[in-house]
Structures are given as C-alpha cells and as structure tokens.
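Trainee: Please show me the entry, and I will ask about its strands, helices and domains.

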Amino acid sequence: MISVDFNNVVLPGNDVSHIVLKGDNCKRSEKTIGPGLKSVDNKIIVCNGGVLRCKDDKYFWIEYFKKKYIPAKDDVVVGIVAAKTSEMYKVDIGASELATLPYLAFTNATKKNRPDIKVGNVVAAKIKMATPFMESEISCVEYANSIIFGQLENGFLINVSLNYALRLRKSNSKLLYQLGQMVPYEIVIGANGKIWIHSASIRTTIAIGNAILNAEHLEEEDIPQLVKSFNKSLNI
Amino acid sequence: MNGNPLSDCEKTFILEAASQKIRLDGRKKDEYRPLKIAYGLDWGNCLVTLGCTRVFAQVSCEIYQPNNSRPNEGVLQISAELAGDNKINDLTKINQVLERFYKDSKCIDLEALCIIAEEKVWKIKVDLSVLNMDGNTLGCCSIATLAALMHFRYPDVVSTGEKVVVYSSSERDPIPLSLHHHPVIASFAIFEKYDFIILDPSLLEDKVCDNKLSICFNNHSEMCGVDIEGCASLSQNLLMNCSNQAASVAIKLVDKIKSAIQIDIKNRSSKSFKGLEPAVSEDNGLKLCLSDKIHFVGPSNQENIKEEIDEKMVVDQDDVIKITEGTAFTASHNNLHQISKKGDKNDDLIVIDPESSESSSSDESIEIINHYKLDDIRPVIGKYVVSDDENSDTGTIILD
C-alpha cells in the first residue's frame, strides 16, 4: 500500500483509513471526516483529489480545488441580493439555488423596523440552515463577540476558488497580515469564495485585490516577495 | 438565471475607477489583452485566446442547393454558441452582428464557390463555440472567424458535364478560400459621463459601461460596419476617434492572424505537428486566468507592467482612414470643417482645440473640434464687470 501522510496529495480511491483511524479503537466515534472523504465498508476512502489535512487529530478533510459553493451550516458567506419578496430577500451566494434572508433576520429588526437593503446590494451573513433539498437560509443577526453582519457598502468584490478562501480565513494567514501593515483596509472573506475589500482609495483596493488573486498559487515563502512588490507599487 | 448578478459595489467601484481613468487590470485605455491564436490539425480549426476569453472556431463545407435569388453564389453561415450553457441569450446578438458584418462586407468571393449554377454550390459554415466569456466576446469571435476562414481550405471539384467529381486531399491539394479583404471587429466600451473610452473591455467593464461600440474595419482601413449598443449620445468627433483607433487595431490584428497562419504552415510541414494539444495543455484553464491579472495598480503602474509589450498591441494612430462605404462620415466631416472656419471668424462657440490631448489623433486629414458647453461660453464671449472707477462717471458696464 502506498504510504500517505498528512499534507500529502491524495487521489480519489486512495484508502486512508490506516491514518485516520490510527490510535485507540474506542476513540473512533470521536473522529470526524469532512469534505472529500467518505466512509465505505468501515474504510475511509478519498473521493476528491487534493491535499489531506487534519486538525487536533480529530477532524479530517481534503483540501481540493473547487469553485461551486455548497452551503454548510455556520459558514460566513458574502452574497448579492438578487430579488425581494414580501417577507424575505433572495440572495445569490454562488450556490445552485438562491438563499433566503428573512426581513426579521437582522439585528434589532422588527415587523415595523425593516432593514433598508435594495436589490444589488452586498451582504455578509451566516448560514443558518443548509439542507441538500431546500433553499438554504441565511441570517444577519449579530451576537456578542460575533463578527459584524449586514450590508457592505462601497468597496469591491472579487471571486476566488473555495479552497483558497478557506485558506485565507485561517487566522495564521500571513498575506493579509502583511498587507495590513502596508496599508489599512477592511476585508470580508466569504466561505463561498466571494471576497469584499474596502480601503481608502480605489488604487489601493485594486492593488490589494490583485495581490490576493496573485497569491493563490504562491508558496508561503514567496509571499514576502509579493508584498514587497506590492509595497513598491504603492509608494512610487 | 443570468450568470452572476452585478452588485452595486462593483458597479460604483468601476464607475469611480472610470472617473479616475483607471482600469482594473492596469491596462491603458487603448491596450489589448494578450492575443493567442493556435491552429488545430484540421484546416479551418483554431482556438483564439484573448485574455481569459476563449473562442474555438471550426469551418466546414458541404455541397448545397443555392437560393433561388442568387443561383450562382455560394452560401456563408456563421453561428456562435456558448459551450455548455445556452440560457444566456447574449449570443443571438453576436450572431446577428457577425453575419451582418461578414456577409455584407462581401469579404468572401462567393461566386467562386459555385460548382453548377442553380444546382450545386459550396456552403461554408463557421461554427464558433465560446468556451469562456470574459468580455469582448464579439471581438474575439470576429478574430476567430477571420482566422478560421483565412486558414480554411475546401476540396477541389471538377464538373465534367453532368458529373461532379470531388477530389480528396490526397488526390489534389485543397484550395484556400479567396478573400477580397479581411474585416475584423474592434469593440469599445464608453463611459459617457467621465469621457472614458476603452478598447477591449473586460466582462465587468462590459456590464457597467453606458455604451458599447463595435466597429468593423478591414486591413485596408476601410470601414465594414458599425454597431452601437446603449443609450449614450455619441458625438461625431468621438466616433471619428474610435474609428481611427479601430482601423489601426484591425491592421495589427490581421497582421497577427497572418503571421500565425505562416507559423502554422511552417509547422505543418514538420512531422512533429501536434495541433491544438500544446496550446490547450499550456493554458491549463482557470489557473491561467489568475496569473494573467498580475498587474498591480499602485499610484503609478509603470514599474509593474510586465515586459509583454511585443505581445500586447498598443494602438498608434498615425494611420489615415479612407472611408469608402460610409459616405455619411466624409460628408459630415466637411461640414465640421466649414463650421470651424466660421467659428474662427466670429469668435463663436465652436473653437478648434489646439491641445486635443485626450484624443491624441495626429491625423492631418481630421481635425478635432470641441463644442464648448454652456458653462464654458463665458470666457469666450466676455465678462460683464461693473467698474467702480472714478474715471468712469457712473457704474457703467464694461465688456471685458
């Protein structure tokens, strides 16, 4: 059998049960497999070609190139309001169906105090309900210590692949931190691959967007080089 | 569902960028994206890549009964379709425009395609499949059409009395189509409010702009057709500028296609000819899209523009236009001259702008005339000033 380890490239059909299930048998029930892995006949089989990742020896998933978003509960997404009905907005989040956003799903919203959002506006929201057979439901209600949801004004939207968006969302993403040291900016990264950027001027926004797009296929070591050239272009 | 809906964010952002005359990918306003033309194994089979827009063209021919109205002419048919998803009805428009420009300009010698009058003619079919839409689809389609038509060869046919013999390529060399001239379309997106006209718009620019102007020119700088989409009112002066640019773009595009064909014919003689395979594997689809947008736009983007200058086409406007078919233009042009002469005498509202910096056309045959708007009239006519000098008796009004 080919020996596969974490952070290795795996191909569809590979059997990774010996890595995922290693350790005590009784702990098996605590292990969770995510996208790209499938349990068949007590074996864990890879079903998408990509890189095998794990977290806390407990969660396992495959990171693979993907552009079509499939809603999952508690994801933060950025969407564009596509239509308005009497009770809810329909929001395009890049999934196969438009997601619904009820008027009441905003902080401090009541029946009389409706949010003022028009078709074409951009919102950041959290997925409340995601089922394979129904439209997913999103909500903009903010709780204590949650990030700020709701309408995003000005700024610019870019689209990236889903795995890259997830990589950027990790707290240890060097790129965003280093860009932030050069120029202040606001950013919302949706799990659906839509990224909203806002900064003081148009030029800086474009430059940040391009830097993020270019960094997708770069190694971690090359990022300082990219940031350097980015800074150069800003300072001239 | 119409692709991705356009958000307010993107719209206002692009308009704001247009007001500052910036393009998102760091191009100049008259700069084309890198153009690649790759030919396949068959005659008349090519893949054209313009930035991220990709169009695949295939020309085919069949023997066909001619129309009754034109019994001794062959038939040309152009059809474009979106690969995969046909719900976006954008392409019917492209079909119409392409057919109109290529049929009406009579670039193909259709009479040469006749085998037996009233019975058998060649029907030339151009099938375009748009593989990726990233703006300027019409321009890319027209390049693909022309590149495929110039490359195409049809089998030799001999008719002996009642018998028609079609020779296969092994028996006799197939014959290239006879083209009188090579028309190609250049597309502009016009942001009227900001007086910002850009060549080769990207998808977002295409969606946001007020007006889309497509001008078809051939390699002899003769106009073959104009298509205007949108509601902005265009001045003659602007149209002349655009057609100037389009003419020089067309010459460069046709040159590029010709050199691509020469390279292809050279490759064909060598045995290791692989057709489209290297072009497709090299591009590798979506990854290329991202790496193409490598330009940063900082306060000055000169530093970061990659040295792809020989690949990209910067339009120079030293060429003089001959307008053969659109006589309306020349007529109006004369009118403008007359107006301008009048204007000089009377210090009227119409003045020849000596700078004409934006238009940057250095033609001597065409002068740029700027119509002053209402706000600008005052300095020309003069100011009314109430003088309080003691010399003048009372507060008289002096024409400054």
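The questions below go from domains to strands to helix packing.

Mentor: This is a predicted model, in which local features need pLDDT of at least 70, side-chain atom pairs count only at pLDDT 80 or more, and totals for chains, interfaces and linings use all residues. Residues are numbered from 1 along each chain as its sequence is written, chains are lettered from A and ligands numbered from 1 in the order in which they are written, and side-chain values use heavy atoms, with hydrogens and water left out.

Trainee: How far apart do the C-alpha centres of domain 2 and domain 3 of chain A lie?

Mentor: Chain A is divided into domain 1 (8–63), domain 2 (75–152) and domain 3 (156–235), with bounds from an automatic or database domain assignment. In domain 2 of chain A, 11 residues are in contact (heavy atoms within 4.5 Å) with 9 residues of domain 3 of chain A. The C-alpha centres of these two domains lie apart by 25 Å.

Trainee: Which strands of the sheet β13-β15-β14 of chain A stand at the edges, and why is one side of each left without a neighbour?

Mentor: Helices (H or I, at least four residues) and strands (E, at least two) are DSSP runs, numbered from the N terminus, and two strands pair if DSSP finds at least two bridges between them. The sheet is open, has 3 strands in the order β13-β15-β14 (chain A), and its pairing is antiparallel. Each edge strand has a single partner strand, so one side of each lacks a neighbour in the sheet; the edges are β13 (156–159) and β14 (185–189) of chain A.

Trainee: Which residue is the bridge partner of Ile158(A) in β15(A)?

Mentor: β13(A) pairs with β15 (residues 194–199) of chain A over 4 bridges, in the antiparallel sense. Within β15(A), the partner of Ile158(A) is Ile195(A).

Trainee: At about what angle does helix α4 of chain A run to β15(A)?

Mentor: Axes are lines fitted to C-alpha atoms, for helices over the stretch in contact, and angles run from 0 to 180 degrees between N-to-C directions. Helix α4 (residues 202–214) of chain A lies across β13, β14 and β15 of chain A. Its angle to β15(A) is about 145°.

Trainee: Which residue takes a positive phi in the hairpin of β5(A) and β6(A)?

Mentor: Strand β5 (residues 50–55) of chain A and β6(A) run antiparallel and are joined by 5 bridges, with Val51(A) opposite Glu63(A). The hairpin has 3 residues between the strands, and the one with a positive phi near 55° is Asp56(A).

Trainee: Why are α4(A) and α1(B) oblique to each other?

Mentor: Two packed helices are described by the angle between their axes and the distance between the axes. For α4(A) and helix α1 (residues 8–19) of chain B, the axes are 10 Å apart. Angles under 35 degrees count as roughly parallel, over 145 as roughly antiparallel, 65 to 115 as roughly perpendicular and the rest as oblique. The pair is therefore oblique, at an angle of about 120°.

Trainee: How many nonpolar, polar and charged residues does the contact of α4(A) with α1(B) have?

Mentor: The contact is made by Ile202(A), Thr205(A) and Ile206(A) of α4(A) and by Phe13(B), Glu16(B) and Ala17(B) of α1(B). Ala, Val, Leu, Ile, Met, Phe, Trp, Tyr, Cys and Pro count as nonpolar, Asp, Glu, Lys and Arg as charged, and the others, Gly among them, as polar. The division is 4 nonpolar, 1 polar and 1 charged.
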